[in-house]
Amino acid sequence: MDEGRPTKAKWWSRPRQGSPGTTHQPPAAGTERPAAGQTGAFPQGHAAQAEAGPAVPVQGTPGTGTERPAAGQTGAFPQGHAAQAEAGPAVPAQGTSATGTALPAGVAQPAQAERRPRPLHDPDPYSTPPYGEPGPWAPAPPVQHPAATPAHGTTLPAAPQGGTPPHGTQGPAPLHGTTPPPPGAAAPAPYGGAPQPGQPQGAQGAPRQPYDPWNQPLQQIGSLPPETREKQRKRARRLVVVGVALIALVSGLIGGALGSYLERNGVDEIELPQADAESGDRPRGSVAGIAAAALPGVVTLHVSGDSAQGTGTGFVLDGKGHILTNNHVVEPAGTGGEITVTFSGGDTAEAEVIGRDSGYDLAVVKVSHVRGLKPLTLGNSENVQVGDPVVAIGAPFDLANTVTSGIISAKERPITAGGEKGDGSDISYVDALQTDAPINPGNSGGPLVDSKARVIGINSAIRSAGDGSDMKGGQAGSIGLGFAIPINQGKRVAEELINFGKATHPVIGVTLDTDFTGDGARIADKGKDGGPAVNTNGPGDKAGLKPGDVITEVDGAPVHSSDELIVKVRAHRPKDRLDLTIERGGRDREVTLVLGSADGD
């Protein structure tokens, strides 16, 4: 059923000399064939054939040269060919052999082979032995011991006697003219066995050793050469390195993509960046450092009286509880009102008025039985220069402990404040320090401090977008024009108020013409109530001043109005000496006088 299809050798097949590509030599002349009923031996390397009757050519198959053994004889096929069993013998032509050649004279024609029954299965072209037992040509392989594979080029040892020779080894060839053994004789030793009787030793060729998978050296499982194990370890290390590199690359790509996505789109819960906590200490010259040093000594005053109430600021002068503020802050309290002092830490205490002066717009109140007071250091307003940094502290609109900063915009700025009463008794004249530090209603009475947290002025007035001429009229708020009483003047007045309950004012002893519109301060023709304009034996009378004189300079500084002259005079202490320049009859004169003293309200 596989005729015409090339066959593939199996592991159990053994190469035979009759295999394709092997040339069979015809038997030499005189070689006897076994007679009918005898068992003959074919040359070594051929398998035995057993057929009923003599081998005759198959009718209808001319020229094939196939012969079958005669009936009752057993013949051997050449090695590599499987035994064939066909239904019925093939009868050769008369006088010819099974191979189609003429028989020699005297050789009897084999008898007609008996017809054998056809087997149940077609012949196996692969010569597969019957199941359950090995064929007569396949001896059991010897026990093999695992051994290492020999190096390339090493000559293999000869196969043992009776064993299967190695693949590719040429087996012994049959000698020409060798008589086959008689029937019943033992079969010749296969492949490498001892030579049979009648075979010359020298005529036997080199043994041929066909391939036998059972005779190949085996390699022990689990026992690898050292170089193989080293290669495997190197390969494993390379795989690990490559794997780690790939993981790092993929992780980097994924992390970069995820970071880019989160940066563009963010997440549902947003957390904004913030600076870490820092120390609360600040340089002493900074605004924060100045405020930290001055705030403990600043207080807020709440004043209530019969008809008015108000809020202002003050600062502690000493450890006895004296507090300096503006007169217009405590004025609503009158004689029966209440004044409550609130310190920067939140503590409160009741205060009483020690003294006040409307001409300087200053007042001193005192708290009792209060410990831990923090008096502020007083500076020197004469040392202040335009452009110096300053800080204003107060309670604008009752916002306690408010800190604003600025610079000294000008010095000796003459201002007047008050005048609500109409008789001029409440007007204050101040030779003020001008600052652009924001000052608002409620800042009145608070300290204006320098870069060393020393008090250089008392915040008193602002110029607002309204009328702005008085301290209470600036409800519109600061526009950067604030004024403070110089601390040198405030110190003298505060000392007098604490020591005597009232302050003294320096005077020149003359009445001024407030209606004069010219340049300078003109002495009126008549005084109050019709009296003399120059007080008798007063400082002006002693210096030779006359009614109608126009004072144009004070200590070399020009004077443009009567209010400005009053501010210049009050900037001094009583008994201070002044140099005046007056104009009389169109001519300028120089006079010197010593300031007198007048009691304040």
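# A tour from R584 to A410

Select R584: with a relative accessible area of 23%, R584 is partly exposed. This is a predicted model, and local features are described where pLDDT is at least 70.

**Stop 1: R584 and D549.** Add D549 to the selection. R584 forms a salt bridge with D549, and the closest N and O atoms are 2.7 Å apart. R584 belongs to strand β19 (residues 577–584), while D549 sits in the loop between α5 (539–543) and β17 (550–554), so the bridge ties together parts that are 35 residues apart in sequence. D549 has a relative accessible area of 2% and is buried. The cut-off for buried is under 20%, so R584, at 23%, counts as partly exposed.

**Stop 2: D513 and R522.** Select D513 and R522 and show their side chains. The two meet in a salt bridge with an N to O distance of 3.3 Å. D513 is partly exposed, at 23% relative accessibility.

**Stop 3: the E230, R233 and R237 network.** Move to R237. Which residue lies across a salt bridge from R237, with the closest N and O atoms 3.7 Å apart? The partner is E230. R237 is partly exposed at 47% relative accessibility, and E230 is partly exposed too, at 29%. Now add R233: E230, R233 and R237 are linked in a network of salt bridges. Side chains of opposite charge can pair when their charged atoms come close. The structure as a whole holds nine salt bridges.

**Stop 4: Y261 and its patch.** Select Y261, which is located in helix α1 (residues 226–265). Y261 counts as partly exposed, with 45% relative accessibility. Add L258 and L262 and switch to a surface view. Together with Y261, these residues make a nonpolar surface patch of about 290 Å².

**Stop 5: helix α4.** Select residues 487–500, which form helix α4 with its 14 residues. From the first C-alpha to the last, α4 reaches 19 Å, close to the 20 Å expected at 1.5 Å a residue. Which residues of α4 are buried? They are I487, Q489, G490, R492, V493, A494, E496 and L497. Among them are the charged residues R492 and E496. Then step to G501, just after α4, where phi is positive at about 85 degrees.

**Stop 6: G387.** Select G387, in the loop between β8 (362–367) and β9 (389–394). Is G387 buried or partly exposed? At 38% relative accessibility, G387 is partly exposed. Setting aside neighbours within four places in sequence, G387 is in contact with I407 and I408. Add T435 and draw a distance between C-alpha atoms: G387 and T435 are 48 residues apart along the chain, and their C-alpha atoms are separated by 9.2 Å.

**Stop 7: A410.** Finish on A410 in strand β10 (residues 402–417). A410 is buried, at 8% relative accessibility. Show V386, L433 and Q434, which A410 touches when residues up to four places away in sequence are not counted. Lastly, add Q385. The C-alpha atoms of A410 and Q385 are separated by 8.2 Å, and the two residues are 25 residues apart along the chain.

Notes. Residues numbered from 1 in each chain as written. Predicted model: local features only at pLDDT ≥ 70, side-chain atom pairs only at ≥ 80, totals over all residues. Heavy atoms only, no water. Salt bridge = Lys/Arg side-chain N within 4 Å of Asp/Glu carboxyl O. Buried < 20%, exposed > 50% of the residue type's maximum accessible area, 1.4 Å probe, protein only. Helix = DSSP H or I, 4+ residues; strand = E, 2+ residues; numbered from the N terminus. Expected span 1.5 Å × (residues − 1). Contact = heavy atoms within 4.5 Å. Patch = residues over 30% accessible without salt bridge, like charges linked within 9 Å, V, L, I, M, F, W, Y side chains within 5 Å. Areas by Shrake-Rupley, 256 points an atom, 1.4 Å probe, with all protein chains shown as cover.
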